[in-house]
Amino acid sequence: MDQMLGYFLYFLSLLTVGGIYAMLALGLNVQWGFAGLFNVGIAGFAAVGAYTYAILTTAGSTFHLGGFGLPLAFGGIVAMLLAGLISGLIGVICIRLRADYLAIATIGIAEIIKLILKNETDITNGPRGINKIPRAWEHLSEERFYTSAPMSWFNDAQGWEALFDSLPNWWWQPMFTLTVLLFVFIIYRMLERARLSPWGRMMTAIRENEDAAQAAGKDVTRRRIEAFVIGAVIMGLAGAFFAQHLRLIDPTNTFDPAKMTFLVWVMLIAGGSGNNRGAILGAFLIWTIWSSSELMIDGTIKLLVASFDTLDAGILKSRAGYLRMLLIGLILQFILQRYPSGILPESRPAATDKRT
Amino acid sequence: MWDSFAFEFVNFYLVPGIVLGCIYALGAIGITLTFGILRFANFAHGEIMMTGSYLTWTFSALVGSVFGWALHPLIAAIPAIVVAIFISLLVDRYFYKPFRNSPTIMIVIASFGMMLVIRSAVQTLWGPNQITFVKGIAKPNAWVQEVSNNAELLLLIPNKHFWIMAGTLIITLGLAYLLGQTRIGKAMRAVSDSPELAQATGIDVEAVIRATWVVGGFCAVMAGVFMAMDTQFIETTMGFRMLLPMFAAAILGGIGKPFGAVVGGLVIGLAEELSAYPWIGDAPLISPGYKTGVAFTIMVIMLIVRPSGLFKGRTF
């Protein structure tokens, strides 16, 4: 029974992180799939969201700025706004550049954000990062939440304590997973709406033939900045959820461009760029491959160490992580060459007017 | 005549800046050539650099353990250059060539992927930890110290810095000869200026592309080895750390202009080191933690103000 519960919780955490990656992939889909903007600074925007959320919602701390202890939803909203604001500034400066230059610029922005997070120790606690980040649902069982409004209206501290004691200690996990998936669904519905709207068609037109779109009177630069900002806002929200999932974030390991930016790109390209469903499918698929390969490699290492006692399990394990990255990289190359439009290729909304 | 400020400025900011600039310059040559000739930003370039320095370390360690000789890194770099060029050509053949007629962004994605593939391959084989490249503390060159001290212009420059500066100068002169005098060099410049016209005049574009990888790979490995000689250690993220300054140098000098890239590299290297000099008051002008930001800022300003670079490079 305990083992079944363990599998269940593992599955839920797989779904949670898969959902967060799906958000990132959807955000990238707006930028790359819709508008053809090559953003390789995903980790930077997610980091802005995560740190904003963390600083605003954690309890007061001497290690970093704040902990302002504000409501979680407020932290999430500001995380989105700040990621959007920064992307807007970058957009105004860099959006007119050719795709290659935009790629260099965004990778640079992500590095600068990392430098700021690392060096401004008064605000971010530097390389040691921020911990005790409140996680949605689980935070309800923290004293500072159930002793204050609105929870204190319904029950007193003893009553809440008794309630949380009666629940199994993982009660929040299914709720948190569902929350993440709900947000993925909401974002998906909104983006589908955007894709089928005149705005979405115009984005495709700009991506496919900029000159023609411009000749038709479309404000190309402005629309591109819009797509860039919308994508970054979604990435900021994903970063806030990532901070909740991990509860401890630091600038280098959590937001490693290899694990974040690169994996999201593989997800979008595998799933099908331009297709929102493809982005979600790719995210869950690649995340499942990524996590299950960890289990498989662990098993192989155990077998190897058992059969050759000269091998050191620790070294093998650290090397195997990089081997995994190597394989994901080769998967990307394979998809790029053989199936450049991904599993679910982009489908354009029909051009005919329904009223006629 | 050599007050303590000037002494500090020259020895601890100016000379290291030039040395760093030389390293960036060599790296940027490869970036600007591939950008000019193959027309894409090669994100995997820094990783070739890093792989080259790992191979150099491996060859000198191998020779050291088998024959007991302590090879100079520049000699151990020769086989490393051959292997790194071979890797570059293989990567081009299997991962970039299929996209020659696709939109360039496909090749950029492919090179972005190769960046991770090459780095994780090195991390799998050699492990993720730092490796000491040269042991011990580099002492300043005694002869230069004595002569300059007698002239009351005390210079503390270790031998490794002389190697790096002289090496960069020789490679730049060699490149000038290659591009200006040889047939393949002229063909490279022709393709960089106009690929269609070059093809129409009967230039073998594929041969030019191979030559580009050879020259770029050679310069990249030399930059990597010089970097390793300077910092005395190698790590798997060194290529990625260098990527942004190298792009900045290539854009500053003008895309497709190798000598622009050399000048750009020197400017970026100097700017990074000099930004930490206490120009106003006692504190560094810009905290050393933000050095990378300097290169980036120069690059963004350049892209806005003059995207063709200092030397009228190609704009896309």
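Which residues is A80(B) in contact with, leaving aside its neighbours within four places in sequence? In this predicted model, the partners of A80(B) outside that window are G52(B), L55(B), T56(B), F59(B) and V221(B). The residue itself belongs to helix α3 of chain B, which covers residues 73-96. A80(B) has 24 C-beta neighbours inside 10 Å and therefore counts as buried, the threshold being 20 or more. Between A80(B) and I48(B) the C-alpha to C-alpha distance is 11 Å, with a sequence separation of 32 residues.

The chain that holds this residue contains twelve helices and two strands. Along the sequence of chain B these elements are arranged as α-α-α-α-β-α-α-α-α-α-β-α-α-α. For its 316 residues the globule rule gives 20 Å, and the radius of gyration of chain B is 20 Å, so the chain is as compact as a globular protein of that length. Its C-alpha trace spans about 60 × 55 × 35 Å along the principal axes. Of the 316 residues in chain B, 48% are buried. When contacts between residues at least 6 apart in the sequence of chain B are considered, 73% of them link residues at least 24 apart.

Chain A, by contrast, is built with 15 helices and zero strands. The radius of gyration of chain A is 22 Å, close to the 21 Å given by the globule rule for 356 residues, so this chain is likewise as compact as a globular protein of its length. Taken along the principal axes, the C-alpha atoms of chain A fill a box of roughly 65 × 60 × 45 Å. Buried residues account for 44% of the 356 residues in chain A. Among its contacts between residues at least 6 apart in sequence, 76% connect residues at least 24 apart.

Within chain A, helix α14 comprises the 32 residues 276-307. At 1.5 Å a residue this helix should span 46 Å, which agrees with the 46 Å separating its end C-alpha atoms. Several residues of α14(A) are buried, among them N276(A), G278(A), F284(A), W287(A) and W290(A). The cover over the buried residues of α14(A) includes α1 (2-34), α9 (172-196), α13 and α15 of chain A.

Helices α13 and α15 of chain A also take part in the contact between the chains. In total, 31 residues of chain A are in contact with 33 residues of chain B. On the side of chain A that touches chain B, the elements giving two or more residues are α4 (99-119), α13 (258-271) and α15 (313-338). By class, this side of chain A consists of 20 nonpolar, six polar and five charged residues.

The largest nonpolar core has 197 residues. Those with the most contacts inside this core are M23(A), L24(A), A25(A), A46(A), V264(A), F247(B) and A248(B). Helix α9 of chain B, residues 205-231, gives the most to the core, contributing 16 residues. Beyond residues up to four places away in sequence, F247(B) touches I104(A) in chain A, together with I31(B), A41(B) and M299(B) in chain B.

Terms used. Residues numbered from 1 in each chain as written. Chains lettered and ligands numbered in written order. Predicted model: local features only at pLDDT ≥ 70, side-chain atom pairs only at ≥ 80, totals over all residues. Core = buried A, V, L, I, M, F, W, Y, C linked by C-beta atoms within 7 Å. Buried ≥ 20, exposed ≤ 12 C-beta atoms within 10 Å, placed from the backbone. Helix = DSSP H or I, 4+ residues; strand = E, 2+ residues; numbered from the N terminus. Contact = placed C-beta atoms within 7 Å. Nonpolar A, V, L, I, M, F, W, Y, C, P; charged D, E, K, R; others polar. Rg over C-alpha atoms; globule rule 2.2 N^0.38 Å. Expected span 1.5 Å × (residues − 1).
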